[in-house]
Amino acid sequence: MNRIGHYKILFGITIVLLPLIWGCTTTKNTATHRAYHNITSKYNYYFNARESYNNATQRVALGYSYNFSLLLPVSLAGDQQVSGSIGGDMDRAIMKSTDLISKHSISVKPERKRGVQTAKEKEFYNQNEFVHYVREAWLLIGKARVWKAALDEAEMTFEYVLMQFPNTRMWYEASVWLARIDILRKDYVSAEDRLRAISTNRKYPKNKYFTHLLESTWADYYFKQERYDKVPQHLEKALKSVPDRATRLRYTYLLAQLRQRDGKYAQSNKLFKKILRMSPSYEVSFNARVNIASNAQSMGKGSDMKKQLLKMSRDGKNQEYLDQIYYALGNIENKEGNIEKAIEYYKLSARSSVKNNHQKGISYLVLADYYFAKPNYTVSQAYYDSAYRALDQDYPGYQELETKTQNLNRLVENLNVVQHEDSLLRVAAMSPKERDALIADLIKLAREDEERQKREEQEGRDRFAQFQQTQRGRSAQTEGGGWYFYNQSSLSFGLSEFNMKWGRRKLEDNWRRINKRVVASDALTSTDQVTDSTGAPLKVLDNKSREFYLQDLPLNDSLVNISYQKIEEAMFRVGEIYQTLIKDYPEAIKAYNRLLERFPNGSNALQAHYNLYQISRFTENNSEAERYKQLLISKFPTSPYALMLSNPNYVDELRKRESELASHYEETYEQFKKGNYRDAAQRSREGLEMYKDSDHAPKYQFILAQSIGKTGDIRQYKEELSKVVSKYPKADVAKTAADIIVYLDKIELQLATGHMADKVDEGAAQDSLVSLAGYVEPDGKHLFVAVIPKNSPINQLRFNMVSFNVDNFLNLNLSVNSKELTKHINLIVVEPLKNKDEAMEYYRKAVAEQGLMGTLQEKDYSLFVISEENFPIFMEDKSVVDYLNFFTNKYKP
């Protein structure tokens with residue numbers, strides 16, 4: 001029967017049923033109601049929802065931008081690359097399904113038949129939902145949410161399906177989709193538990209759809225964990241029941257890649273050739289042919305494949321794929337031992353890339369590894385940096401690449417400092433005439449280089465324009481109409497086009513500018529002086545101007561000394577990077593020796609000698625280790641290193657001294673806490689004398705200052721605090737001392753009246769002095785505040801406050817909120833109270849209210865009122881004690 005016949009029957013049924021159910025609602029459950037709601041929900045809602053869902057998934061399958069340099073993905077559901085582009089269709093599917101559920105759900109039980117019920121009748125009666133397509137709609141909503149990557153919402157939907165529809169097909173499908181959500185979250189333990197529970201259940205559906213869903217999920221489970229040996233067995237089962245051509249092609253390609261990865265080149269080629277017979281897109285076909293060539297080379301047939309690849313490189317259709325062709329040729333030459341020819345092809349690959357940043361990155365990475373192994377760190381750094389910028393974070397080994405790139409960047413940065421400063425010193429030592437002649441030659445070279453770069457950029461633009469024309473032609477043939485942002489191929493092309501033109505740019509203001517500090521020289525007059533945000537003059541960036549080459553020259557003794565300091569520090573850091581980051585000990589030895597030859601008495605000479613001694617010991621070069629040991633003892637006899645090497649008991653003596661120091665300091669601090677300030681001051685002076693070079697020296701100095709402050713001698717107190725700041729500027733207590741000095745300058749008259757002892761706490765922090773907050777006379781609107789510990793049951797306490805307000809101050813329309821004061825203290829704030837009198841009335845009743853603060857003990861909380869004007873000051877100052885003193889004085893509770 002054709003579709004028109006079906007619709008006629010449907011129309012007839014509807015005409016018959018409508019008079020019977022007119023005006024009825026889903027609160028009734030009869031056979032007539034169920035028939036009506038099933039038919040209406042299917043054709044008015046579910047059909048449209050399903051169509052939207054299918055359209056979105058088909059569009060993804062056909063338009064997904066694959067990276068053929070990596071293994072293709074098993075599943076695309078939940079992929080961030082597609083979730084945004086299909087949101088419209090998936091939202092429509094969810095909306096239609098939601099409408100279906102709200103209008104056609106029947107959950108009321110039908111009337112029981114008299115007599116004994118059969119098992120089938122009991123099963124029917126025990127259902128939670130009596131409209132089949134309502135159950136289907138719930139499942140569809142969950143799947144659409146997974147595709148949108150709304151995993152939390154999807155999980156709740158599928159959990160609802162499990163709870164409401166047990167022993168149904170939907171129950172099994174929802175369980176598999178929950179496993180997929182676990183996989184996307186990398187919760188592989190939960191995913192395996194779910195999948196094993198389903199696979200061992202004999203009642204799971206045996207149809208093709210469910211078989212494909214289950215087996216592809218198993219394959220994805222192993223794939224995401226990189227357990228690639230387990231993927232093929234499930235992928236082959238999924239292939240037998242695959243629902244569409246695009247998915248079949250992706251599975252076959254992935255299976256071919258996995259066989260290639262396992263060294264099964266004949267099986268891999270068989271699968272790649274099968275792909276060629278599936279009428280794939282040109283891009284898929286090309287990549288399959290390149291892989292066939294690569295497999296053939298691995299099977300000893302490289303010469304034939306080399307000819308085929310060279311032939312492909314001359315085909316104009318393959319211009320955008322030249323990077324992959326040259327990379328494959330490079331691999332063939334590399335395996336045949338022709339390293340120089342392979343490097344040439346790898347460079348051609350990187351240079352020929354017009355859209356495939358991943359391939360460009362891999363080509364750069366191969367070159368970087370080659371030069372790193374030579375070793376030629378300066379060249380390898382440039383290639384590693386290019387690879388790091390081209391590859392995405394999902395590239396295997398990306399973290400290792402990032403670390404190596406950063407280490408080499410540090411190395412080359414310091415090598416460049418040495419080279420740059422040496423060049424500046426050399427030019428600065430020239431006569432003015434020689435210097436001017438050199439600058440003129442450099443400007444000439446800069447202009448020639450600029451012209452060359454312009455030519456190369458134009459050639460690149462021409463190649464890219466041709467690539468754009470080719471891509472747009474293909475897009476017009478294959479894509480048809482449709483909104484741009486729903487077209488995955490168009491989105492991918494647009495992204496690659498942007499990246500080729502601009503590179504990978506951070507989303508920020510002025511993103512087009514690589515250097516935000518560039519100043520157009522033609523916009524400045526000779527008298528202009530442009531500065532940056534710090535007030536420092538901006539550097540001249542035009543390398544075709546004479547000032548560009550003169551601005552950094554060290555033309556006086558002071559600048560010369562600074563330049564030599566930069567060179568020494570950079571040379572030392574080069575040795576450290578070789579030693580600790582790159583682990584190239586021969587290069588580290590050379591770097592330290594060059595440093596010692598040039599700066600034998602420099603500030604890093606001691607550490608360089610000791611590092612050389614350490615490297616010699618690590619590499620078991622005992623003779624060199626002994627030589628560096630003797631050099632350390634003879635040249636630096638009083639250094640810790642020399643003392644440690646010359647005195648076998650040095651470490652034990654050092655530990656004993658540290659133990660004595662710790663004991664002496666603890667006793668000094670104990671005396672201070674007990675209020676024995678004179679004893680604490682005396683012991684602090686002893687500590688400064690005996691342990692002046694230790695880490696405890698600033699602490700002794702600070703205790704001395706605080707002890708003197710307790711005696712009321714303000715002048716000496718400030719002097720001792722100043723010593724803390726000047727002698728130990730990097731110590732933790734230095735900032736505290738500086739803050740106290742600032743405060744003392746503000747309230748010196750108050751402290752001079754003899755109240756300092758009451759205002760200085762026995763601790764050694766800013767809170768030790770009278771509050772700097774500066775509260776104003778309380779007036780106007782007020783707030784009631786409860787100060788509570790962080791771990792208090794804040795919701796219960798807020799509820800208590802609300803109940804208290806309803807019982808006692810209903811007419812004030814008060815709100816109750818919570819705020820964080822510090823990481824240890826929360827506030828409950830009641831507002832608004834119109835004036836001080838009303839606030840105090842509220843305060844007195846709150847204090848008297850039994851159980852208001854729940855289980856908190858009185859010592860664990862504080863209550864007070866505060867004016868709206870003083871509350872921001874309190875929140876900034878964060879000193880509860882200081883405000884309570886103010887509260888007691890001003891409000892007299």
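Colleague: Why is E226 called exposed?

Modeller: In this predicted model, E226 has a relative accessible area of 54%. Exposed means over 50%, so E226 gets that label.

Colleague: And where is E226?

Modeller: Look in the loop between α10 (208–224) and α11 (231–240).

Colleague: What makes the phi of E226 worth pointing out?

Modeller: Phi of E226 is near 65°, which is positive, and E226 isn't a glycine. Most residues other than glycine have a negative phi.

Colleague: S279 is also flagged for its phi; what is the value there?

Modeller: About 55°, again positive in a residue that is not a glycine. You'll find S279 in the loop between α13 (265–276) and α14 (282–298).

Colleague: How do you know whether S279 is buried or exposed?

Modeller: Check the number: S279 has 56% relative accessibility. The cut-off for exposed is over 50%, so S279 counts as exposed.

Colleague: Then why is K274 called partly exposed?

Modeller: K274 comes out at 40% relative accessibility. Buried would need under 20%, and exposed over 50%. The value for K274 falls in between, so partly exposed is the right term.

Colleague: Which residues gather with K274 in the patch of positive charge?

Modeller: R248, K270, K273 and R277 gather with K274 on the surface. Lys and Arg count as positive, so the patch gets its sign from them. K274 itself sits in helix α13, and α13 gives the most to the patch, with three residues.

Colleague: What makes you say strand β4 is mostly covered?

Modeller: Strand β4 covers residues 862–867, and five of its six residues are buried. Each of those five is under 20% relative accessible area, so "mostly covered" fits.

Colleague: How do you know that β1 and β4 pair?

Modeller: Pairing takes at least two bridges. Strand β1 (residues 782–789) and β4 are joined by six, so they count as a pair, and they run antiparallel. Within it, L783 stands opposite I866 in β4.

Colleague: Switching to the backbone, what is omega for the peptide bond from K374 to P375?

Modeller: Omega is near -5° there, and the bond is cis. P375 lies in the loop between α18 (357–373) and α19 (377–390).

Colleague: What makes a cis bond stand out?

Modeller: Most peptide bonds are trans.

Colleague: Which residues does the cis bond with omega of about -5° in the β3 region join?

Modeller: That cis bond joins E831 and P832. P832 lies in strand β3 (residues 825–833), whereas P375 is in a loop.

Methods:
Residues are numbered from 1 along each chain as its sequence is written. This is a predicted model: local features need pLDDT of at least 70, side-chain atom pairs count only at pLDDT 80 or more; totals for chains, interfaces and linings use all residues. Side-chain values use heavy atoms; hydrogens and water are left out. Helices (H or I, at least four residues) and strands (E, at least two) are DSSP runs, numbered from the N terminus. Buried means under 20% relative accessible area, exposed over 50%, partly exposed in between (1.4 Å probe, protein chains only). Patches are made of residues with over 30% relative accessible area and no salt bridge: like charges are joined within 9 Å, nonpolar side chains (Val, Leu, Ile, Met, Phe, Trp, Tyr) within 5 Å. Accessible areas come from the Shrake-Rupley method with a 1.4 Å probe; for residues, only the protein chains shown count as cover. A salt bridge is a side-chain nitrogen of Lys or Arg within 4 Å of a carboxyl oxygen of Asp or Glu. The place of a charge is taken as NZ of Lys, CZ of Arg, CG of Asp or CD of Glu.
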